[in-house]
Amino acid sequence: MLILVTNDDGIRAPGINALATRLEALGRVVVVAPDRERSAAGHSLTLHSPLRAELLVTDRYAVDGTPTDCVNLGIHGLLPRRPDLVVSGINHGSNLGDDMTYSGTVAAAFEATLMGVPSLAVSLQITPGIDVDFSRAADVAALLAGEVLAHTLPADTFLNINVPPGDPLGLRLTRQGKRLYSDVVVEKLDPRGRKYYWLGGGDPGFENTEGTDFNAVAEGFVSVTPLHLDLTNYRSFERLHSWGLEKMFTGYRRQGAGDE
Ligand code: MN
């Protein structure tokens, strides 16, 4: 087995080292990860500047790009062949609900799935006052990586895994939950008297609904959410069809043509 490991916290983060070490039980692990913290990089891709990959030690590459760059470069450039699996994490902090689209950790798994390589994203919830210990999350990641290799994932699907702090009480298959943002932008003055702003300053809440990723982690369970690449909201079609947009646009085109 050949496993590509990446993250968005940077190659020196303790989470990725715990993950890579644990996954070595399953096969050869090649780490291709950002050379610095790239959290909240989302699915961004570097297209207008060169990328450099520094080989730190055998099978450990630090890249001056985003997590998505790392997966791209890993699969198409640095690895000796297509990997059997991509694992992203272990992120310092959970990636739940709506926050997933900001996440570089989740985007890396997304990218692997776009390239047809099975993948998982793994994040550890950080709770103030409880020691950050990646070893349990690494166990969970290795267990689920083994299952993915044994069963193969449904098409176009990857797993977003969130691990609660401490000893998990169990594992739940969940759906994506909903954040409640506090919409706080902090405005301050810099030492030269100019305004600056800080996003995400407030403590966001979440809808604690049964069956969601938020709820599982809040109750001390490992959350496993199958995500797919199709963002279409199928339930919205009926209502949007009722607007008559397609017909309206046909009429608009005819009018436009008459004007010429
Ligand atoms: Mn991160």
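A helix is here a DSSP run of H or I with at least four residues, a strand a run of E with at least two, and both are numbered from the N terminus. The tour below uses these element numbers throughout a predicted model.

**The whole chain**

Begin with the full protein in cartoon view. It holds 7 helices and 13 strands, and its C-alpha atoms fill a box of roughly 70 × 50 × 45 Å along the principal axes. Of the 260 residues, 41% count as buried. Among contacts with a separation of 6 or more, 76% join residues 24 or more positions apart.

**The manganese ion**

Next, select the manganese ion together with Asp8, Asp9, Ser39 and Asn91. These residues are its protein donors, through OD of Asp8, OD of Asp9, OG of Ser39 and OD1 of Asn91, at 2.1 to 2.2 Å from the ion. Along the chain the donors follow the spacing D-D-x29-S-x51-N. Two of them link distant parts of the chain: aspartate 8 sits in the loop between strand 1 (2-6) and helix 1, while serine 39, 31 residues apart from it, sits in the loop between strand 2 (28-34) and strand 3 (53-57). Colouring by accessibility separates this pair. Aspartate 8 counts as buried because its relative accessibility is 2%, whereas serine 39, at 33%, counts as partly exposed.

**Helix 1**

Move on to helix 1, residues 14-23. Its buried residues are Gly15, Ile16, Ala18, Leu19, Ala20 and Leu23. To see what covers them, display strand 1, strand 2, strand 4 (60-63), strand 5 and helix 4, which are included in that cover.

**The nonpolar cores**

Leu23 leads into the largest nonpolar core. Select Leu23, Leu120 and Ile161, the residues with the most contacts inside this core of 32 residues. At least two residues each come from strand 1, helix 1, strand 2, strand 5, strand 6 (119-124), helix 4 (134-151), strand 7 (157-163) and strand 13. Helix 4 gives the largest share, 9 residues.

Centre the view on isoleucine 161. Beyond its neighbours within four places in sequence, isoleucine 161 is in contact with Leu120, Ala121, Val122 and Ser123, with Val140 and Leu144, and with Val222, Ser223 and Val224. A second core, separate from the one just shown, has 15 residues, including Leu4, Val63, Val71 and Leu79.

**The largest pocket**

Now switch to a surface view and find the largest pocket, with a volume of about 970 Å³. Of its 32 lining residues, Ser94, Asp99, Tyr102, Arg179 and Pro204 are the closest to its centre. Helix 1 and strand 5 (85-92) each supply at least two residues of the lining. By class, the lining divides into 15 polar, 11 nonpolar and 6 charged residues.

**The second largest pocket**

Finally, select Thr101, Gln176, Leu227, His228 and Leu231. Of the 16 residues that line the second largest pocket, these are the closest to its centre. The pocket holds about 500 Å³ of space. Its lining takes at least two residues each from helix 3 (104-114) and strand 13 (222-228). Strand 13 supplies the largest share of this lining, 4 residues, and is also among the elements giving at least two residues to the largest nonpolar core. By class, the lining has 7 nonpolar, 7 polar and 2 charged residues.

Technical notes: Residues are numbered from 1 along each chain as its sequence is written. This is a predicted model: local features need pLDDT of at least 70, side-chain atom pairs count only at pLDDT 80 or more; totals for chains, interfaces and linings use all residues. Side-chain values use heavy atoms; hydrogens and water are left out. On a 1 Å grid over the protein atoms alone, a cavity is a set of points where a 1.4 Å probe fits but cannot get out, and a pocket is an open set with protein on both sides within 12 Å along at least five of seven lines; lining residues have an atom within 4 Å of a point. Grid points are joined across faces, edges and corners, and a volume is the space filled by probe spheres set on the points. Ala, Val, Leu, Ile, Met, Phe, Trp, Tyr, Cys and Pro count as nonpolar, Asp, Glu, Lys and Arg as charged, and the others, Gly among them, as polar. Donors are N, O and S atoms within 2.8 Å of the metal (3.2 Å for Na, K and Ca); water is not among the atoms, so sites may look incomplete. Buried means under 20% relative accessible area, exposed over 50%, partly exposed in between (1.4 Å probe, protein chains only). A nonpolar core is a set of buried Ala, Val, Leu, Ile, Met, Phe, Trp, Tyr and Cys residues joined through side-chain atoms within 4.5 Å. Contact means heavy atoms within 4.5 Å.
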